[in-house]
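User: Could you take me through the reasoning behind the labels on this model? I would like to see each value set against its cut-off.

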Amino acid sequence: MTSYVGLSQAEAQEKLKQYGRNEMSEKKHGQVMSLLLSQFSNILSILLIIAAAAAFILGDMIEGTGMVVILLLNAGLGFFQEYQAEKAVDALRKLANPTAIVQREGKEERIPASLLVPGDVVMLSSGDLIPADGYLVEAISFEANESSLTGESLPAAKHAQGGATREEHDPTAKVFQGTAVVQGRGLMRVTATGMRTEFGKIAHALQTEEQPLTPLQRHMEILAKHIGIAAILLILLVFILGLFQHKGVFDMLLLALSLAVATIPVALPTIVTLGLSFGSLALSKNNVLIKRIHAVESIGATTVICTDKTGTLTQNAMVVQSMAVDGHHLPLQDLSSRTIIQKSACDYLLRIAAACNTVTICKGHSPAQTTEYALHTFAASFHYASERHIQEFPFDAERKRMSVVIETKKKRYLAVQGALDHLLPLCTHILDHGKRRRITPQDIAKTLDQQETFANHALRIIAFAFRDLTTVPKTQNEAEQSLTFIGMVGLHDPPREDVAAAIEECRHAGIKVMMITGDHPSTAKAIAQQIGLCAEKEEIITGKELDLLSDTALQHRIDHLKIVARSYPLQKLRIVHALQKRGHIVTMTGDGINDAPAIKRADTGLAMGSGTEVTKMEAKAILLDDRFSSIVHAVKEGRSIYDKMIMSAKYLLACNSGEIFTILLSLMLLLPLPLLPLQILMINLLTDAIPALGLSMEKHEDNIMRRHPRSPRLGPLSLLDFLMILIFGWIMSIGTIVMFSLQLPDLDKARTIAFTTLVFFQLFAVMSSRSLEPSPRTWQPFTNPWLVGAVALSVGLQLLAVYHPFMQELFHTVALSWYEMLLITLVAAAGFVTMEASKYLFKRSLGQPLLSAR
């Protein structure tokens, strides 16, 4: 393509100051004041405001003031959590920064798309998202998908600006930000950026879209509502029982409101959001950029990973290793300039390799087209350079080849390269020791044998052909016929060093790995055996064979397949459908524009960091380093994040049930109320919010990748989980009531002991909640310093409530002796023992909860 001088760096900087960055002006998320005020609009805060107002109206200033303090503390903690979550999401948004190749000062360089300015000349190719509005100054077979603007699903053909000085004179030359290049290449001169683009004009509508809740968030919301209803019924029961026992109406009203605040788990959806947000940020630090928050959840539930071969399982470092011409195999180390002069077929092949090439090498950037780059380097090493293109038919995944029309001073010819299976049938002649003759069945058989030899050595095969021309063909079908076969090369792309261990880890984790590649079946199989993906007899299917299967037949076979060779990108969509019909949770990788439908359909669509912008747009996550081991690490992190949210949910529900059962049991036994409303609210702050934050910092289980995936169609908590929550709640309430009863009739001391016993019960419980299964870590508290700090803070606040004069007056507590504190600690430790024993008695199958979520 033509080289343009483009803008100078000084001009670009001046225009950047004038027009601003090429970005949409975003809706401001989480404005500090609105975020703070929102903390007072949830049901917990409303109930607390009602309770405080009732206390003030009835003249109980101490009780009312205490409730206001608790309200402010709860709001402050909620604000801190949500503000941190917003900051995490903002950090992720800044990481997802698309780039563009521009010509500035006569040189090509890759820059962030946000730095584009009017007047820039931008290179565009198939799969790119157009980064700004502009018009084409050059175009080769250029088509753009403008459905995001026009709603028209068919691609629009585009042409270079023809003679006009302004883009308005030729509408077919206009291209728009946010639309996608689906075919061809071109050069665009930028005319509008940021909010001045057509896409910018509709940005407001996009900014007002709400993010849907993730499945886990919906499950937790439903769970919170159901438990909230049950809690309200129990609280009404407590209120009615209290009235029947002639307890004060005001006292029972405040108690009921306080119990409602303390027991309705309104924090559960927030905990899920916080966990997913911080999980997304953690994954980004390990080269997996989460674009859609629910991808954190789905990637942890993955049962099948469908992965490309090149660049993900292999190093994406293609080098030509062998050549086959004139029916002979020539290893690269045997090639020399003298050999090439002696073998005219070598000369032809290297000319085609140099000419039939669109590789782009930018300043500070390695080329994405690694196969073309390897061929470019191979030809350049023997001093062959590209010749003048006058027509180009770009590579596409269906044809699996590309061709260019070359014109020199002496002749005009068509140069073709591509997959041997797709190129050889178009050849009517073969180059034999410099002479062109008709191709025979023996030639074809010998060529296919050579291909098999290359493939068995895990080499990717690229074949070459040509055709002399008298006129320039108008279509690729007109051009790509009656070709003369020259030969082929074998390119080696070694497996990544860490991929075999990652695949073995997947096997232990119950995750199936499928390789989907455009390579020859023997090449794919050879690589698979090197990395431990499949044994000798594992079933392999080709794209052609897959096309012959009905959807039902494919569903029956899909569980037995590990390699799909010679595949077409659009077949990935069928594979995803078939796997999902079989109940699998699918993670699919892709980089090309034709991978986008499968990426969008998969439970977790992972776009390669080196892939097209269109694929990245549809993906739920981006694999920044293209490594398969990073996918496996993301699965591990996803499972860990999910486990921590379940830990928090079980812990909160167990603590809440203990508080309700303590009051209920006291009423059933006709005892005085063991807790005052303000004490209940203090327990809620001490043992719900603060330790739950520490729990979210827990490291993953040691066996997290040695268990089978969970089923996402089932609820997060099983019937067994609910049973253990209720058992622990009753044990907590029984222990508290026993300690309370021993101190009667000294009611202030009895309540102080009950208050402290409940707090200590729950702090022991949080230590046990660090693991969902029996684990030594629960006996090693200092492996999570954040949780130790949270527990220490809670203990400190409880000691203040018991021993500080002002706090004693506020909470109606009295000082306790060291002996009483020791006894409370020993009794409360029963909660820890109970939860640990339950893990051994009821070993939970983490992958298969018993309770379905509706």
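**Values and cut-offs**

User: Why is H429 called buried?

Analyst: The relative accessible area of H429 is 12%. Buried means under 20%, exposed over 50%, and partly exposed in between, with a 1.4 Å probe and protein chains only. H429 is under the 20% limit, so buried is the right label. As background, this is a predicted model, where local features need pLDDT of at least 70 and side-chain atom pairs count only at pLDDT 80 or more, while totals for chains, interfaces and linings use all residues. Residues are numbered from 1 along each chain as its sequence is written, and side-chain values use heavy atoms, leaving out hydrogens and water.

User: Where is H429, and what does it touch?

Analyst: H429 belongs to strand β15 (residues 427-432); strands are DSSP runs of E with at least two residues, helices are H or I runs of at least four, and both are numbered from the N terminus. Leaving aside residues up to four places away in sequence, H429 touches R436, R437, R438, I439, L483, T484 and F485, where contact means heavy atoms within 4.5 Å.

User: What makes H429 and R436 a polar contact?

Analyst: Their side chains come to 3.3 Å. The cut-off is a pair of N or O atoms within 3.5 Å; within protein, one must be able to donate a hydrogen and the other to accept it, and sequence neighbours count only if both atoms are side-chain atoms. The H429–R436 distance falls within that limit, so the label holds.

User: How do you know that E392 and R185 form a salt bridge?

Analyst: The N to O distance between their side chains is 2.4 Å, and the rule asks for a side-chain nitrogen of Lys or Arg within 4 Å of a carboxyl oxygen of Asp or Glu. The pair links distant parts of the chain, with E392 in strand β12 (residues 389-396) and R185 in strand β7 (residues 180-192), 207 residues apart. E392, at 2% relative accessibility, is buried, and R185, at 14%, is buried too. The structure holds 22 salt bridges.

User: Why is E407 called partly exposed?

Analyst: E407 has a relative accessible area of 27%, so it lies in the middle class. R412, its salt-bridge partner at 2.8 Å, N to O, is also partly exposed, at 22%.

User: What ties R566 to D421?

Analyst: A salt bridge between their side chains, at 2.8 Å, N to O. R566 sits in the loop between β21 (561-565) and α22 (571-581) and D421 in helix α15 (residues 420-423), so the bridge ties together parts 145 residues apart in sequence. R566 is buried at 10%, whereas D421 is partly exposed at 31%.

User: Why is L742 called exposed, and what patch does it join?

Analyst: The relative accessible area of L742 is 60%, which means it passes the limit for exposed. L742 lies in helix α27 and helps make a nonpolar surface patch of about 680 Å², together with M668, L669, L726, W730, I734 and V738. Patch residues have over 30% relative accessible area and no salt bridge; nonpolar side chains (Val, Leu, Ile, Met, Phe, Trp, Tyr) are joined within 5 Å, like charges within 9 Å. Accessible areas come from the Shrake-Rupley method with a 1.4 Å probe. Helix α27 (residues 719-743) gives the largest share of the patch, five residues.
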